[in-house]
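Hi there,

Here is the structure I promised to pass on. Have a look at it first, and then read on for my notes.

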Amino acid sequence: MSRIIRKVAILGSGVMGSRIACHFANIGCEVVLLDIVPRELNDLEKAKGLTLEDKTVRNRIVNEALQSTLKSNPSPIYLQSFAQRIKTGNFDDDLKEIATCDWVIEVVIERLDIKKQVFEKVEQFRKQGTIISSNTSGIPIHLMLDGRSDDFKAHFLGTHFFNPPRYLQLLEIIPTKETNQEVVDFLMDFGSRFLGKKTVLCKDTPAFIANRVGVYSIMALFHVIQEAGLTVEQVDKLTGPVMGRPKSATFRTCDVVGLDTLVHVANGLKDNCPNDEEKALFELPTYITKMVENGWIGSKAGQGFYKKVKKDDGSSEILVLDLNTLEYRSQEKVKFPTLDMVKPIEDLKQRTKMLFMGQDAAGKLFNQLFGGLFAYVSNRIPEIADDLYKIDDAIKAGFGWELGPFETWDLIGIDQGLKLIAANNKNAAQWVADMKAAGITSFYKSEGGNKFYYDIVSKSYKVIPGTENLVDLETLRAEKKVWGNSDVTLVDLGDGILNLEFHTKMNTIGGGVIEGINKAIDITEANYKGLVISNNGQNFSAGANVGLIFMMAAEQDYDELNFAIKAFQDTMMRVRYSNIPVVVAPHNMALGGGCELSMHSDKVVAHAELYMGLVEFGVGLIPGGGGSKEFAKRFSDDMKQGDIKINRFRDRFLTIGQAKVATSAYEAFELGYLREGIDEVVVSRSHQLTRAKQAALEMANKGYIAPKREKNITVIGQEGLGIVYVGANSMTSGNYISEHDKLISEKLGFVLCGGDLSENTVVSEQYLLDLERKAFLELCAEPKTLERLQSLVKFGKILRN
């Protein structure tokens, strides 16, 4: 059957329920969010003379939960206005609403008896064929089906979202033996394409896949740490970004999630996995038991492995728990030869290989942990999953690992992995030995633009399901490279479309990237149809290389700086006015120059998780790569559409002047970085490049014609400058901004207004670019600007270290 999800019911408005509701609202669904009716009045309701029959009282629990969620940081919703798509109610009065819903998701307390009571009520109102699922994180899915109808059973399964649903990619799909395959296939696709999730098909086993492997990894570390003589801060240094895992690493993650939650899952695995060869690891170490008894369960208790305290001088310090004495102490600097050895290596895969070579305590820890992990995941097939890629996908999307266990094993080779397993007195599953005996030397391979995994049953490679029609830059890079330099690579995506990717530190834009953009356009104009600019980095681009700007400004090499800024501006104009369509596909951070590049493209295909902004004001500058010019141009377009001139000018000015950063692609439209009717948003990161390629191809096949250079931009001159100068003076007099900030404001206003013109005047883009560049160079000569640039350069070095 053909299914469309337009309306969703979320049963339970707690931390997960409200956030799941917000994410469905994010993608445009109408949402019904329901919870229980309060049993008694609170003091405020009593003071107002309300009764338990009043609607505001009956919906108090759900409304308070939703409002609390909407105020949380980071926000669970792309735009606050999207919350209007959520209708609240209660189980007693509004459960009938589910008759109009296409999908009903239960997110009540983790008690089987309560869940079964909810499902009994749901069956009274649910229409035939409606999907119904449970968001349980651990209760066996099949146990919830007692007494349910055949149609209910056929359309029921587990859908385990990870918290927070907006930000964590994993959605585990857990069918029962009764679930229709059509329902499973539909949700696997819907979750990926529309919810933006990495959907992973799981078996109905304790903790499913991600928590089974993730909690095993944490518990193994808990047991190893003391015998290895390592401290909490040492382990977090070793198990964070250096190995492609989140900055919160191990112990900070435990504090954020809550040690009580982790212990609950570990105890569940201990009790429900009697045949797990590593079940002894799920026993709690003494120090963990003592921490739970003391209530030191993490951030929500004010202390866990870390504790923030106020010092006598009023400053704050984050103390760390000594696991031997169970007393808090100041953190010590972490130093290991292995870390020094891998520090210069930017590429994660190359760095990971080197980590295993360490001969110090750090190297021994990596070898011990991965020896155990390799054995553990091999033995979980076919218990928790039939296919090895599902384990990698689940742990990466659920725990934020950049490399899955089998991907890591591939990096060091099957033989070396087996040696690690043996050295740690563990045993790999028999299928690994059989695979090796058959001459298979890797768990994955790339071929023809597709990624293949080793299928244990057929003993052959198969394409990872769901990726057949996706454009995968990583697999194409090795086979389809067209051109490159040290900072960029140009790859053939097929069908006449090329992709330019950056691979500088934080994908900053310097001379090599500028050269690459121009070369990519040259090559595409000569032999191809269109160009996409995207990459697989953690961020699209953090902007221009501030270190180079600082160096030239500090040395007062203004001719060279002028040349560099003009080259940047000219390149942005080349992006706009080339003879081929240029589509930019930004994700995560697209700041400064990354934002300017996007604003000059023919079309932006943005990932929903986009943090876009012109942030130069914060370092004492104005956007100098065409960003200021572009805002003046877009303000001119606003006036042509009849917007109120001064109000719109103020909005445009403050967006740059306050260095506003959009916290989603949808907010980027509101701030003016993205264009309504031209740019678009894709929620699925894995589908983003595919859509960007398609967009470039569509424009090319329609007979793309380069736009003409703009010479009819209306600027408002003194009318706007007066507002800028009065506002800047007022803010300075009130000590809200510094004299330097006042100067930057005036320079920005001068560019946006087109200079000191007595009346509205029509100017060209080049006129505005020249004003922009002049103001940028003048600000670079300011001592305060140099101080800010130097601070940012130092901060960047700290981040990289």
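Before the notes on the pocket, a word on classes: Ala, Val, Leu, Ile, Met, Phe, Trp, Tyr, Cys and Pro count as nonpolar, Asp, Glu, Lys and Arg as charged, and the others, Gly among them, as polar. Please also keep in mind that this is a predicted model.

With those classes, the lining of the second largest pocket comes to 14 charged, seven nonpolar and five polar residues. The volume of this pocket is about 600 Å³. Its lining is made up of 26 residues, and those nearest the centre are Arg634, Asp637, Arg675, Glu676 and Ile678. Three helices, α24 (558-577), α26 (627-640) and α27 (645-657), are the elements that each give two or more residues to that lining. Which of the elements gives the most? That is α26, with five residues.

Next, a hairpin. Strands β9 (residues 306-310) and β10 (residues 316-322) run antiparallel and are joined by five bridges. If you want a place to start looking, Val309 has Glu317 in β10 as its bridge partner. Five residues lie between the two strands, and in this hairpin Gly314 has a positive phi near 90°.

Now to the salt bridges. Side chains of opposite charge can pair when their charged atoms come close. The count for this model is 59 salt bridges, and I picked out a few that may be worth a look.

- Glu630 and Lys629 form a salt bridge, with 3.0 Å between the closest N and O atoms. Are these two buried or exposed? Buried means under 20% relative accessible area, so Glu630, at 1%, is buried, and Lys629, at 0%, is buried too.
- A network also turns up: Glu53, Lys55, Arg58, Asp93 and Asp94 are joined by salt bridges that share partners.
- Lys115 pairs with Glu110, and here the closest N and O atoms are 3.0 Å apart. Lys115 counts as buried because its relative accessibility is 1%, whereas Glu110, at 36%, counts as partly exposed.
- Lys445 and Glu447 meet through their side chains in a salt bridge of 3.7 Å, N to O. Lys445 has a relative accessible area of 31% and is therefore partly exposed; Glu447 counts as partly exposed as well, at 44%.

That is what I have for now. Happy browsing!

Best wishes

Technical notes. Residues numbered from 1 in each chain as written. Predicted model: local features only at pLDDT ≥ 70, side-chain atom pairs only at ≥ 80, totals over all residues. Heavy atoms only, no water. 1 Å grid on protein atoms, 1.4 Å probe; cavity = no way out; pocket = protein on both sides within 12 Å on 5 of 7 lines; lining within 4 Å. Points joined across faces, edges and corners; volume = space filled by probe spheres on them. Helix = DSSP H or I, 4+ residues; strand = E, 2+ residues; numbered from the N terminus. Pairing = 2+ DSSP bridges. Salt bridge = Lys/Arg side-chain N within 4 Å of Asp/Glu carboxyl O. Buried < 20%, exposed > 50% of the residue type's maximum accessible area, 1.4 Å probe, protein only.
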